[in-house]
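Here is a short briefing to read alongside the sequence and the 3D view. Take it one topic at a time, and find each residue in the structure as you go.

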Amino acid sequence: MSKRLMRSMSQKLRRKNNKGVAEEEDVSRGISLRCLTLYGRGGGCKVGADTGEEIGDPGSRRRSSASEEGKGYKSLFSTEENGVDCFSYGVKERFRKKHSPKHSGLRNSTRNSDVHIFLPDDILEMCLMRLPLSSLMNARLVCKKWRYLTSTRRFLQMRRECLYQTPWVFLFGAVKEGYCSGEIHALDVSLKKWHRIDADILKGRFVFSLASIQDDIYIVGGCSSLANFGKVDKSSFRTHKGVLVFSPLTNSWRKIASMKHARSMPILGTSEVNSEFSVVPSHHNRQDRRYLRSRAGGSLDVYEDPHRLSLRRQARNPLEDNDASMLSNRKSYKFSRQKSEQSRAKGHRRFVIIAIGGLGSWDEPIESGEIYDSSSNKWTEIQRLPVDFGIICSGVVCNGIFYVYSETDRLAGYDIERGFWIGIQTSTFPPRVHEYYPKIVSSNGRLFMLSVSWCEGDGQIGQRNKAVRKLWELDLAYLAWTEVSVHPDAPMDWNAAFVADRNLVFGIEMFKIFGQVLDFLTVCDISNAVSDWNHISRTRVSHEVDASSCLTKSMAVLHL
């Protein structure tokens, strides 16, 4: 017999002897090997079970050492289950179900269903629709399905019509180290938290204008340097007539039709029109401009109702044509209103953008204007303002009229539906410092103006007068200006930007003082009886930008 065989047989005998000794030790301690695992996990068998082959044999019955603690427990098993030693309370039944084929199949199916649990798309959309914008942008990174669901037209329309939107302020035109960085600084007003958005498409572009429609921002015109690309340099520059559209909800850019004339810093106005709207083109004749100058020059003595005045002036026969036009306008108004309500219900809304004034390719003032129709994606020239109206410094749309204010303190309005200008004579305009041009804004059918004026020193000798910025409201019925509130900050920025959205008027001032660039973002709630200004951000953006950003900045407000 070989030595290898002898060695293997001796090892087997040794292991067998060791196993027998261990079993005798366990039996002497009253622990059944057949329930050792359950004993170790459960802390002891609570129920004594038969260990013999036959339950009726009293000699073969043995209890474990833990059976004395388990008095009062009844046997869980019937007399037919003789092969099981002892289990903790309820373990045997769970053991049997766990290892049954039916239960294993059910367990596998449950495990698979846990992996594929999902919500219906409509419920998932409603959950995602209620997220704040910053959380929604993070949710889009979860998977492709969530990104697709939150980018569809249906989802954007649902979110636009829900009540979970909060105002966001977008600041454009930041200049760093002399170059237009193209960055957009966005402020979540509800959380007072700034975000930075990279916009490489805007690198090198400056002095453009902004217009907001629904949840999109339109970037109109602007300039870019030819000698030093990306640098704010107007010694050799190119003026743009292209228009870009930025959608913060989808973080996407697109282009629309370009303007007919290249402009930098044009005055913009946006308005929603009905489905029957048609653009009235301009004719460019001198007679039209002389006639318009006589209308807007102040020779008329009835200005209480600009709409009726323009109808009476526009009609050739004031006795016949005016009445007929008024009657037809009433009928067409009812019909177009029904059509517009149907189109709004379907989610198809039509908007126009008016661009007027600004500077041309040779840095010359532009007197012409043009209007963009979202349905046709075309720009059309509109009637020009009179020559003596002056350079336009501000404009806004209010109740279907595009109001513009000139540097010569004159006010005019363009009737978008009918396509001609209206001269507006008001009471004495609010006093102002001539270095600061007024800004007009509109909110919920109300027209406001922000102007800087000198405030007297309350009669105290030796006290210097100080300049203050005041908010005025124009009564559209009586055409009288009324003071609403006084801005708390000193007017240090002559190029301050103000935008109104719903019941809020936002303003940002950026200026350089003592070698530092400071910025203040304020808001005024005009729905309150006492319209006070509140600071929502101070010196958050200016520490990253140059002083030239005071001239190139522009602001837009959206509810997202």
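**A buried charge and its surroundings**

R205 is buried and yet has no salt bridge, since the nearest side chain of opposite charge, E370, is 12 Å away. Keep in mind that this is a predicted model. The points below start with R205, then move to the strands on either side of its loop, and finish with salt bridges and one threonine.

**What surrounds R205**

- You can find R205 in the loop that runs between strand 5 (193-198) and strand 6 (209-213).
- What does the side chain of R205 reach at 2.9 Å? It is the backbone oxygen of G221.
- The backbone oxygen of G242 is also reached by the R205 side chain, here at 3.0 Å.
- Setting aside residues up to four places away in sequence, R205 touches C180, G221, C223, H240, G242 and L244.
- G221 and G242 therefore appear among the residues that R205 touches, and being buried means that R205 has under 20% relative accessible area.

**Strand 5 and its sheet**

- Strand 5 belongs to an open sheet of four strands, in the order 5-4-1-28, and the pairing is antiparallel.
- Which strands stand at the edges of this sheet? They are strand 5 and strand 28 (554-559); each has a single partner strand, so one side of each is left without a neighbour in the sheet.
- On average, neighbouring strands of this sheet are turned by 25° against each other, with direction ignored.
- Strand 4 (residues 183-188) runs antiparallel to strand 5, and six bridges join the two.
- To see one of these pairings, look for L187, whose bridge partner in strand 5 is W194.
- A general point helps when you look at any strand: in a regular strand the side chains alternate between the two faces of the sheet.

**Strand 6 and its hairpin**

- Is strand 6 largely enclosed or largely open? Four of its five residues are buried, so strand 6 is largely enclosed by the rest of the structure.
- Strand 6 pairs with strand 7 (residues 216-220) in the antiparallel sense, over five bridges.
- Within this pair, S212 stands opposite I217 in strand 7.
- Strand 6 and strand 7 form a hairpin with two residues between them.
- Q214 sits in the turn of that hairpin and has a positive phi of about 55°.

**Salt bridges**

- How many salt bridges does a search of the whole structure find? The search finds 17.
- One salt bridge joins the side chains of K203 and D200, at 3.5 Å from N to O.
- K203 counts as partly exposed because its relative accessibility is 43%, while D200, at 55%, counts as exposed.
- Another salt bridge brings together the side chains of D409 and R432, at 2.8 Å from N to O.
- This pair links distant parts of the chain, 23 residues apart: D409 is in the loop between strand 17 (401-406) and strand 18 (411-415), and R432 is in the loop between strand 19 (420-424) and strand 20 (439-443).
- D409 is partly exposed at 25% relative accessibility, whereas R432 is buried, with a relative accessible area of 11%.
- The side chains of R446 and E473 also meet in a salt bridge, at 2.9 Å from N to O.
- That pair too links distant parts of the chain, with R446 in strand 21 (residues 446-455) and E473 in strand 22 (residues 466-475), 27 residues apart.
- R446 counts as partly exposed, at 29% relative accessibility.
- K176, E183 and R196 are linked in a network of salt bridges.

**A closer look at T408**

- T408 has its place in the loop between strand 17 and strand 18.
- With a relative accessible area of 45%, T408 is partly exposed.
- Which residues is T408 in contact with, leaving aside its neighbours within four places in sequence? They are F389 and G390.
- The T408 side chain reaches the backbone oxygen of F389 at 3.0 Å.
- A polar contact of 2.9 Å joins the side chain of T408 to the side chain of S406.
- Although T408 and I391 are 17 residues apart along the chain, their C-alpha atoms are separated by 7.6 Å.

How values were computed:
Residues numbered from 1 in each chain as written. Predicted model: local features only at pLDDT ≥ 70, side-chain atom pairs only at ≥ 80, totals over all residues. Heavy atoms only, no water. Buried < 20%, exposed > 50% of the residue type's maximum accessible area, 1.4 Å probe, protein only. Lys, Arg positive; Asp, Glu negative; His and termini not counted. Salt bridge = Lys/Arg side-chain N within 4 Å of Asp/Glu carboxyl O. Polar contact = N/O pair within 3.5 Å; in protein donor to acceptor, adjacent residues only side chain to side chain. Contact = heavy atoms within 4.5 Å. Pairing = 2+ DSSP bridges. Axes fitted to C-alpha atoms, helices over the stretch in contact; angles between N-to-C directions.
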